[in-house]
Structure formats: structure tokens, C-alpha cells
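Student: I have a new structure to look at. Can you walk me through it?
Tutor: Sure, let's open it up.

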Amino acid sequence: MEHQVWFNGQLRPHAECTVSVRAHALHYGSSVFEGIRAYDTHLGTRILRLTDHLERMYWSAGIYRINIPYSLEELHAACRETVKASGLQSAYLRPIAFRGDCGLGVIPNDMNASDIAVLVTQWGAYLGEDGLQNGIKACITSWQRVAPNTIPAGAKAGGNYLSSQLIGLEARDRGFEEGIALGTDGLLSEGTGENVFMVRDGVVLTPPSSTSILSGITRDSAIKLAADLDIEVREQSISREQLYAADEVFFTGTAVEITPVIQIDHMAIGNGKKGPLTSKLQDTFFGLFDGRTEDSRGWLEAL
């Protein structure tokens, strides 16, 4: 079933949401977007950290000077309206802002020519239910993440994901479920669309935002939930061999949520199974949606 799309100010059937083949975003990747999940919780359908996601989207748009002719409050309402119209109890939201038909030059003729849409769909576990529960196998790919001061890796822009595609495609070609990239300094950066954490001697380590990563909303959630559990988290540089020596590794992201990584390259991580600290964080995260974890920060936003 195709759900209605909120497109430039109103809900419309998917087939009516047409975009010009001259759209600047199609030719040059000039779009910013967010991936957001709505969960079927003990309180009813709630959207996880919708405001935080939209604030990042406006920040990303500002970097690229992509015009969003709606206030954050208006786009917030549009997201809620689109979920309601879908009839879905749990859903994946994709708000996106992109340059439309503003000339074929790299620099747009009309800086205000942009289209705004909110799509809603069903989306289960990104790397499969078995991967979510029991862990996935990943590899370090030959493709590195973009260097600092080339393009802003911290902005969630469409063009950035060309890098992610190369990382992910190589991993799949090699028989792995996901790829991990190093930065230009040879130190750990991130996955194709996930932040990476490792556990060593009860301490959680993750690369800092300066390592060409997208500082994910789920990454932030995991760090805050770990603090609630009195688990120490350190943001620091991590080498490839440190990953091999980890007791546990896990991914975070809206799509993957919190997914264990049980093998990297040819090396089993820990005992080759989901570790206890990863399990604890998973339980605490998913506990937000059934009431086992108190939503003390107001992350669950009502429709």
C-alpha cells in the first residue's frame, strides 16, 4: 500500500508528487533529509525524538543554503499529519528538502527553489530481525570516509551517501552484511549509515564527531541511556586493531536501532555472540516503547 505524501504543504497521493528531471538535487545531490521512527508504544503511536531530528534537518539545510519555506513547527505538524493519515501504528518517516528546477548550473539560479516532502512507510529491522537479535557480520572496506573540510560529514545531506553506497556495496560484494569505513587518518569513522561503538573492559568507546561521522540521534540516545545505567562512555580515536580486540561491538542508527556486530573481517568479536552490555542497552532502548524504561527526557512525541 502506498501512503499519502505531504508534499509542498499538503497531503497528496504518491503519484501526484512529481519532480522535474531538471531538479538540481537529481543532478548535484543538493538535498537534506532525516530518517525517523514512530513506534507503537504503551502510550499509543509516538515519534522518537522528532524535534531533535527536525532541528538537525534545518541545520543541515542552513549549511547548504537550501530554503525550507516552513517553520519547524509547521514541518513537525506535517510529520504527525502524515503518520496519522497512513494509519500505521509504527512507521518510518522521511522528511526531505531538496533543490528543484533552478537551472542546470552547479550554483542554483534561484536560491529559493526547493521542494519539501514527508514520506511515511513501514520498515522493519534494517539488517533483519535475526541481525537485530543475534548480531551481524561487518568488514572494514577499502573506501574511506570523506576528509574534514571537503564536504560537511556532520550534515545529513543526500550527496554524502554516495560514500556510504560505495562502502556498503563493497561489503555486500565480499559477503558481509554491512561495511565500516576508516577516516583519512586510518582511524575508525562509521558504517554506511550507522555509528560504531565498541566495549572493552566494561567501558564503551566511540569515535568523536570530528572523525567525519554523522553524529546520530540514536548515537546520542545510546550515550545518554548508558549514563543512566552508570556505564562509562568515552569518545576517542579508535584504531582498526582495537576493534578486533573488542569485547563487544554494536551499531546505532534510526534504521539499525541498536544492532550487535559479532564479526569484523575474519575476526570474531568477543565470543562471537551478542554481548551483555549490548543486550542491556538494547533492552533499555526498546524499554522506552513498552514502559520498562522511563521517558524522562520527553523523547516520545505524540501525534
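Student: Which residue in E15 stands opposite Ile-136?
Tutor: Val-261 does. Keep in mind that this is a predicted model.

Student: How many bridges join E8 to E15, and do they run parallel or antiparallel?
Tutor: There are 3 bridges between E8 and strand E15, residues 257-264. The two strands run parallel.

Student: What about E9? How many bridges join E8 to that one?
Tutor: E9 covers residues 178-182, and 3 bridges join E8 to this strand. This pair runs parallel. Within it, Ala-138 of E8 faces Glu-178 of E9.

Student: Which helix does the chain pass through from E8 to E9?
Tutor: Helix H5, residues 161-173. The β-α-β crossover made this way is right-handed.

Student: Is E8 mostly covered or uncovered?
Tutor: Mostly covered. E8 spans residues 136-140, and 4 of its 5 residues are buried.

Student: New topic. In the largest nonpolar core, which residues touch the most other members?
Tutor: Leu-75 and Leu-93. That core has 24 residues.

Student: Which elements give two or more residues to this core?
Tutor: Strands E4 (36-41), E6 (91-99) and E7 (114-121), plus helices H2 (50-64) and H3 (72-86).

Student: Back to Leu-93. What is Leu-93 in contact with, leaving aside neighbours within four places in sequence?
Tutor: Its contacts include Ile-36, Ala-38, Ile-47, Cys-79, Val-83 and Leu-119. Glu-34 and Arg-37 are also among them.

Student: What does the second core include?
Tutor: That separate core has 20 residues, among them Ile-136, Met-198, Leu-243 and Ile-269. You met Ile-136 earlier, opposite Val-261.

Terms used: Residues numbered from 1 in each chain as written. Predicted model: local features only at pLDDT ≥ 70, side-chain atom pairs only at ≥ 80, totals over all residues. Heavy atoms only, no water. Core = buried A, V, L, I, M, F, W, Y, C linked by side-chain atoms within 4.5 Å. Buried < 20%, exposed > 50% of the residue type's maximum accessible area, 1.4 Å probe, protein only. Helix = DSSP H or I, 4+ residues; strand = E, 2+ residues; numbered from the N terminus. Contact = heavy atoms within 4.5 Å. Pairing = 2+ DSSP bridges. Right-handed = clockwise from strand over helix to strand, strands pointing away.
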